[in-house]
Amino acid sequence: MALNSEQTSNDVSIDGINTDAPVSVTGGEYSIDGGAFTSADGTIAPGGQVRVRVIASSQFSTGATVTLNVGGVEGSFVVTTLAADTTPDAFTFGSINDIPLNSVQTSNEATITGLNTDAPVSVSGGEYSIDGGSWTSAAGTIAADAAVRVRVTAAGMFSTPATATLDIGGVTADFTVTTLAAVTDPNAFSFGSVSDVPLNSVQTSGAVTITGINTGSPVSVVGGEYSIDNGPFTAADGLINPGQMIAVRTTASGDFSTAVTVIVTIGTVTGTYTVTTLSEDLTPDNFSFSGVTGVNPSTEQTSDPVTITGINSAAPVLVTGGSYSIDGGAFTSAPGTITSGQQLRARTNASPDYDTTVQAQIDVGGVSAGFSVTTRSADGAPDPFAFAPVTNAQLGRTYTSNSVTISGIDLPVAITIGGGNGSYSINGGAFTRAAGTVQAGDTVRAQVQAATSYGETRQVVVTVGNGAQAQSAMFRVSTADDDLSPNYLNFGSVADAPLGSTQTSRRVTISGITTAVPISISGGRYSIDGGEFTTGAGTISEGQTVVVEAIAASTYATTVTVQVTVGAARGEFTVTTLAEDANPDVLDFDVVPDALPGSVQTSVTLIVSGINVPTAIRVSGGEYAIGDGEFTHADGEIAPGETLTLRGIASMQFGATQTVTLTIGTITAHFTIVTAAADTDPDSFVLGTISGADPDSEQRSGVITIRGINTAAPVTISGGRYSINGGAFTSAPGTVEAGEEIVVAVTAASTSDTTVTATLSIGAVNAQFAVSTSTVLPPVEVEGRRGGGAMGPGWLLSLAALAFWRRRRPAGVLRRSGDAMR
């Protein structure tokens, strides 16, 4: 019967009585004539029908008894539960093929039937999960109709099986995964070809992505070099992985119209890259020299350079009627050669005659060009010339002009003088009024005696040349007038003056007057010859100095003008205040390197300079604080000279950059926070060794604390199990955080004097925990113990050996439950 099931007997007719009989029950209930079941005492009439019921045991193969007593006669009804069944029906997981190396593969789900109670379950070579629960490799139990899956890590080699075996109540099923086969021959590939390339040029193909392989494949090259994924080029044999790109390069032939081929072999598949040089071309593009005209006779003339193009080899050069130069080299008339891109110039001598043309002819590879040179016509018209006038001349004094050089003529021409009492001199000779002749290069001066009264001018005119081609110049000498108007008064100006500041002009020396004149000012004050500043009117004389003072405006970009009147002249001194500046000097915040992800980082504090008014400030990606104020991300305003600090939160990702961007006016600054790279390699650690362990005993290492990582690091173990922070021991891969504690457990060998080693790997760091079993002591004969005799020396030696062995056992070694102290 099923456990805990309610079971009812058949009906029994009560005979043999002739009156109602008493009824009682133990261990269950009864029902008379189909009535309600009860456990209370009652009575039954002759011929009455009675049946009993009982609840089956909750244990397998166990009886439950109900006893009915009728008038002193007892009858029992026994119900026995079924036997426990922990052997399930057969189940399977199958197998899969062609899977990636080292990949984790999960089986189909198998429903376990044929059980009537929980059955033991264990796994080898992998892990299992029941009803979608967590994965484990530890032994456990499974209920009837539960769904179970197994998973296994595929082999790290091609075409290799890995099997996980699940055992439930002695019934096993395998889940086998087989890795795919290695493929080292890629799909067909080619690098193409190029033509018309320069001789001896280095040519590089486009990159080709290698497909069709699933592991590293050997690569070799003939006739050039190759590069993988933009790495260095090499001709050595190498290895290329799936999806990598390869390019080749080679040096083109040194001969025209010649092909060079590079052959790359990957696995057994080859690809080529062919480079063909261009054909030889000695005929240049048409070229020409610009002629020159109007040159002086018998002068050497050189053309502008022309660049020779359209050839790809050295072409012959010939010249007639002159010489040539290549790329600024020496001029020559000998035959030579020229290459594309070089510059060619022609040179020849102009004719010794006026209005005559000569030509140099240059031929390059059959294409020729001429350089023509034409002399100018003879010139009888002198260039213009002038004498500087003399003003404020002393009365009656004789003045001599500056010297002028006659130019622009090719032949001698006439020179004459007219007007007043002047004269002229040629090449420093005697002054004269008589007509004469001059030629190019001669120097001429004029001479005039000043008038004997003020305000009078005397002048002479010197004429050089004949007729319409003549040029004339006048030499004037003027005596001074009585002058009440000084020369230009330039007090200058001041820009970018501080608001409300007092500014002083440059010092001006009064000149150009012949008598004392009045001086007055508006808008400021003046000082004469370093005296007191005043606003009152006064007088000033020739040679005295004046300085002006003004007070700058109280607003930005505003000009104040002071006017000074001296005699009949007026001068100004302007002072302009500086413009409003809302653009600060550049702010440079240091970069924060190696920050912890999610950490709050604060910049250095900088002083805001370069502005003269409160200026708008805003931030994105973080916060700012002005002076000792609170950090905020709201837009605000900052004043000149205030201090500024930025704050930001580092990225939650390792090796990532977070930037806080600050804008003041139109100037932008950045505070950059760079998180540290992920580190999954902890500081080195030691698990130690244990010697003298009991065979088959479980031994545990000391506790190690993980340090030196900044993110979860992978944990694997071989030859044992590990526990993190006191949790369950496991041999499955896992992860560990910095500061967590790990203990390693190893089961000692079942034989004496044997060492078992577990290797714990965290990131790329590993350590071993070695456990050695004790050495079996030889039997020691104990004298005097047979037949109840006294203890002799042998017994004492045995006790000493035992004590020595006990001392060799490490303190605190854990024993399995039930081990006796030995």
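Two strands count as paired when DSSP finds at least two bridges between them. I begin with that rule because the pairings I shall describe all rest on it. Please keep in mind throughout that this is a predicted model.

Let me turn to the sheet that contains strand S18. Five strands make up this open sheet, in the order S18-S26-S25-S21-S23, and the pairing is mixed. Strand S18 (193-197) and strand S23 (238-240) are the edge strands; each has a single partner, so one side of each is left without a neighbour in the sheet. On average, neighbouring strands here are turned by 25° against each other, direction ignored.

At the S18 edge, the partner is strand S26 (residues 269-277), and the two run parallel, joined by three bridges. Within that pairing, Val197 is placed opposite Thr277 of S26.

Further into this sheet, strand S21 spans residues 217-222 and includes Val222. Is Val222 buried or exposed? Val222 has a relative accessible area of 55%, and it therefore counts as exposed. Leaving aside residues up to four places away in sequence, Val222 touches Thr261, Val262 and Ile263. The C-alpha atom of Val222 also lies 6.5 Å from that of Val264, a residue 42 positions away along the chain.

I now move to another sheet, further along the chain. It too is described as open, with five strands in the order S63-S71-S70-S66-S68 and mixed pairing. Its edges are strand S63 (689-693) and strand S68 (734-736); since each has a single partner strand, one side of each is left without a neighbour in the sheet. The average twist from one strand to the next is 25°. At the S68 edge, the pairing with strand S66 (residues 713-718) is antiparallel and runs over three bridges. One position in that pairing is Ala713, whose bridge partner in S68 is Val736.

Strand S39 offers a further example of antiparallel pairing. Residues 413-418 form S39, which pairs in the antiparallel sense with strand S41 (residues 436-438) over three bridges. Here Ala414 faces Thr437 of S41. S39 also runs antiparallel to strand S43 (residues 457-464), with four bridges joining the two. In this second pairing, Ile417 stands opposite Val462 of S43.

Next, the nonpolar interior. Which residues touch the most other members of the largest nonpolar core? That core holds 24 residues, and those with the most contacts to other members are Phe91, Phe93, Ile142, Val148, Leu166 and Ile168. At least two core residues come from each of strand S12 (119-124), strand S15 (147-153), strand S16 (161-168) and strand S17 (171-179). Val148 deserves a separate word: beyond four places in sequence, its contacts include Phe93, Ile112, Tyr128, Ile130, Ile142 and Leu166. Polar residues also appear on the contact list of Val148, among them Asn108, Glu109 and Ser129.

I close with charged pairs. Taking a side-chain nitrogen of Lys or Arg within 4 Å of a carboxyl oxygen of Asp or Glu as the criterion, the model has 11 salt bridges. One of these joins Glu29 to Arg53, with 2.8 Å between the closest N and O atoms. This pair links distant parts of the chain, since Glu29 belongs to strand S4 (residues 29-32) and Arg53 to strand S6 (residues 49-55), 24 residues apart. Glu29 is partly exposed, at 25% relative accessibility.

Arg525 and Glu549 form another salt bridge, their closest N and O atoms lying 2.4 Å apart. This pair likewise connects distant parts of the chain: Arg525 is in strand S49 (residues 525-528) and Glu549 in strand S51 (residues 545-551), 24 residues apart. How do the two partners stand with respect to solvent? Arg525 is partly exposed at a relative accessible area of 35%, whereas Glu549, at 15%, is buried.

A further salt bridge, at 3.1 Å from N to O, brings together the side chains of Glu698 and Arg700. Arg700 is partly exposed, with 35% relative accessibility. In addition, salt bridges with shared partners connect Glu6, Glu29 and Arg53 into one network.

Returning to Glu698, this residue sits in strand S64 (residues 698-700). Besides its 3.1 Å polar contact with the side chain of Arg700, the side chain of Glu698 makes a polar contact of 3.0 Å with that of Arg721. Thank you for your attention.

Conventions
Residues are numbered from 1 along each chain as its sequence is written. This is a predicted model: local features need pLDDT of at least 70, side-chain atom pairs count only at pLDDT 80 or more; totals for chains, interfaces and linings use all residues. Side-chain values use heavy atoms; hydrogens and water are left out. Buried means under 20% relative accessible area, exposed over 50%, partly exposed in between (1.4 Å probe, protein chains only). Contact means heavy atoms within 4.5 Å. Axes are lines fitted to C-alpha atoms, for helices over the stretch in contact, and angles run from 0 to 180 degrees between N-to-C directions. A nonpolar core is a set of buried Ala, Val, Leu, Ile, Met, Phe, Trp, Tyr and Cys residues joined through side-chain atoms within 4.5 Å. A polar contact is a pair of N or O atoms within 3.5 Å; within protein, one must be able to donate a hydrogen and the other to accept it, and residues adjacent in sequence count only if both atoms are side-chain atoms.
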